[in-house]
Amino acid sequence: MNQMTEQSYVTEDGRTIGGTLMEMRNISLRFGGVKAITDISFDIREGEIRAIIGPNGAGKSSMLNVISGFYVPQEGEVWFRGEKRPPMRPFEVARQGIARTFQNIALFEGMTVLDNVMTGRLNHMTTGLFSQAIWKGKAEAEELQNREVAEKTIDFLEIQHIRKTPVSRLPYGLKKRVELARALAAQPSLLLLDEPMAGMNVEEKEDMSRFILDVNDEFGTTIALIEHDMGVVMDLSDRVVVMDYGKKIGDGSPDEVRNNQAVIDAYLGVAHD
Amino acid sequence: MPEQVLWGMEVFLNGLMTGVLYALVALGFVLIFKASGIFNFSQGVMALFAALTLVGIMEGQVPFAHMINATFGTSVHDFGWNVPAVGAILLTMGVMVALAWLVNHFIFRHLVGQEPIILFMATIGLAYFLEGFGDIMWGSDIKELDVGLPQGINGTIDEFTYNLFGYGFFIDNLDLWATFVATLLVIALVLFAQYSKHGRAMRAVADDHQAALSVGISLKFIWVMVWSLAGFVALVAGIMWGTKSGVQFSLSLIALKALPVLMLGGFTSIPGAIVGGLIIGVGEKMFEFIVGPMVGGATENWFAYVLALIFLVFRPQGLFGEKIIERV
């Protein structure tokens with residue numbers, strides 16, 4: 001294994017942070033001539049809440065898309081569970097146990113909340129097309145079993161009252177929560193959240209923060225999230241990566257990052273030379 | 001009861017049966033449209049191709065016989081064996097799945113995210129290609145298809161109605177079977193789409209590609225599955241129509257009849273396809289029966305289209321279609 005694997009430790013609030021789960025090594029991503037990400041390395045440890053922050057256009061979402069396989073970087077390596085990951089399509093990444101949400105909410109609008117959450121269970125359903133088609137034995141048992149997980153997730157995120165509502169009828173804040181439920185239902189080993197608090201009012205932000213902490217606490221789920229609201233992130237996360245103009249300008253605990261001059265400059269908008 | 005009313009009832013029932021056959025073709029359209037947003041103009045030709053392949057396999061025809069003979073100066077036509085119906089149907093289904101894979105691999109995979117009109121044009125191209133390909137592969141003769149479905153007047157209904165009204169209704173056994181099969185097919189499809197894992201994945205893909213990818217759904221698998229399902233529906237329709245009127249190239253024209261059916265029922269609704277099919281089937285037969293004699297007949301050719309046109313004016317989304325409301 002690599003030198004990044006450190007001893008596990010216990011946080012002040014009693015959660016155990018384990019060894020390295022995912023490691024990004026020297027990732028560079030370009031779109032034509034535009035450099036979205038330049039030579040960025042960082043790691044995500046098991047059980048932690050890892051934030052990626054930065055001003056608009058810093059390349060945070062690109063980074064998340066690299067992790068979830070939506071973008072393939074020109075350079076660099078992605079290591080997951082101690083193994084180098086070959087180039088993968090997004091659905092293959094999802095099948096490895098990496099679930100995500102989207103900045104602009106990507107839900108199945110025409111389907112009910114329950115159906116949406118059930119799609120999160122697809123990777124845990126193994127029966128083939130044929131036995132599904134004739135609906136015999138295993139297929140039915142499997143459906144019930146996964147239904148139970150979906151219902152528990154729904155209870156956990158307190159959206160029981162809209163279980164049978166088509167998603168298209170829900171307000172924005174609830175949609176965000178349903179999307180989280182769908183990702184969570186997959187029981188992922190790594191949960192990626194792309195601006196989970198974007199566009200929310202203060203109350204909704206508090207709710208969402210609570211859910212993120214609860215998920216991490218209750219299930220020990222490793223979470224990597226993107227935000228540009230500094231305040232929220234600092235309270236939530238164990239460690240923070242700061243990006244600006246596609247480069248990493250800071251990495252460490254919230255306190256370390258807060259006192260980092262480069263980070264302060266980036267957020268206050270000091271001229272780049 | 002006056003004779004006219006009895007005849008009318010008989011016509012009505014036969015209209016229902018014809019409607020079921022229309023609905024079968026329309027169903028194939030709805031399926032692909034719902035799952036991929038593609039309006040598949042080639043659905044009718046797929047039914048023809050399926051029927052051609054089925055007959056070809058059953059009669060042990062050598063595929064591409066004309067081409068082979070013309071190129072090599074040989075004279076092969078038949079393998080000299082007959083394949084039983086059930087085996088031939090399974091083999092044909094295999095061919096339709098292969099076709100689904102090819103269609104996705106060579107055409108629609110490359111058109112992801114394109115405008116609907118471009119996808120539609122691609123299916124028109126596919127329709128012409130398949131028609132020509134079917135011709136080269138199996139020849140253009142009109143063939144009889146007999147998979148063992150009973151045909152001809154249903155004695156029980158004839159007798160029953162004779163005893164009841166003193167006039168026996170003519171209901172074709174094949175039509176009864178078609179109704180039975182279509183009902184089964186629809187129930188199976190709805191259950192599959194609503195309650196199975198793959199059905200759920202199919203609806204997910206139709207709704208949002210990105211989100212579908214993020215929960216681990218392979219788009220390619222689902223697309224091939226959807227086209228295979230459409231191929232399966234085409235095969236069923238091909239068997240019914242082929243048995244009824246022989247396997248001939250004019251079969252692909254029944255696809256045109258599916259258009260008014262869809263306009264009536266709505267392009268996105270499975271129940272719509274059925275109800276639309278029944279209305280058109282009954283409508284054109286009854287119209288021909290009542291109005292036909294006054295205008296010199298042949299109203300069946302245009303009635304469906306005029307009805308669809310009227311619908312387009314007053315209810316463009318169809319009976320069951322989703323009304324599109326643009327948020328400003």
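I count two residues as in contact if their C-beta atoms, placed from the backbone, lie within 7 Å. Helices (H or I, at least four residues) and strands (E, at least two) are DSSP runs, numbered from the N terminus.

**Ground rules.** This is a predicted model, where local features need pLDDT of at least 70 and side-chain atom pairs count only at pLDDT 80 or more, while totals for chains, interfaces and linings use all residues. Residues are numbered from 1 along each chain as its sequence is written, and chains are lettered from A and ligands numbered from 1 in the order in which they are written.

**Entry 1, chain B overall.** I looked up the secondary structure of chain B and got 14 helices and zero strands. Next came the dimensions: the C-alpha trace of chain B spans about 70 × 65 × 35 Å along its principal axes. Its radius of gyration, taken over C-alpha atoms, is 21 Å, which agrees with the value near 20 Å for a compact globule of 328 residues (the globule rule is 2.2 Å times the number of residues to the power 0.38). Of the 328 residues in chain B, 43% are buried (20 or more other C-beta atoms within 10 Å of the residue's own; 12 or fewer is exposed, and in between is partly exposed). For contacts in chain B with a separation of 6 or more, 73% join residues 24 or more positions apart.

**Entry 2, α8 against α10.** I then checked how two helices of chain B pack. α8(B) and α10(B), the latter covering residues 219-245, pack at about 105° with axes 10 Å apart. The axes are lines fitted to C-alpha atoms over the stretch in contact, and angles run from 0 to 180 degrees between N-to-C directions. The two helices are therefore roughly perpendicular to each other (65 to 115 degrees; under 35 is roughly parallel, over 145 roughly antiparallel, the rest oblique). On the α8(B) side I noted H198(B), A201(B), M202(B) and V205(B), which meet L219(B), I222(B), M225(B) and V226(B) of α10(B). By class, that contact has seven nonpolar, one polar and no charged residues. Nonpolar here means Ala, Val, Leu, Ile, Met, Phe, Trp, Tyr, Cys and Pro; Asp, Glu, Lys and Arg are charged, and the others, Gly among them, are polar.

**Entry 3, the core.** V226(B) came up again, among the residues with the most contacts inside the largest nonpolar core, which has 163 residues (a set of buried Ala, Val, Leu, Ile, Met, Phe, Trp, Tyr and Cys residues joined through C-beta atoms within 7 Å). α10(B) gives the most to this core, 17 residues. A51(B) is also on that most-contacts list, so I pulled its partners, leaving out residues up to four places away in sequence: L145(B), G238(B), I239(B), G242(B), V247(B) and L251(B).**Entry 4, the A/B interface.** Here 18 residues of chain B are in contact with 26 residues of chain A. On the chain B side, α8 (197-207) and α9 (209-214) are the elements that give two or more residues. The largest share, seven residues, comes from α8(B). By class, this side has seven nonpolar, six polar and five charged residues.

**Entry 5, backbone oddities in chain A.** R81(A) is not a glycine, yet has a positive phi of about 55°. I found R81(A) in the loop between β6 (75-80) and β7 (83-84), partly exposed with 15 other C-beta atoms within 10 Å. I105(A), not a glycine either, has a positive phi of about 45°. The loop holding I105(A) runs between β8 (98-100) and α3 (113-119).
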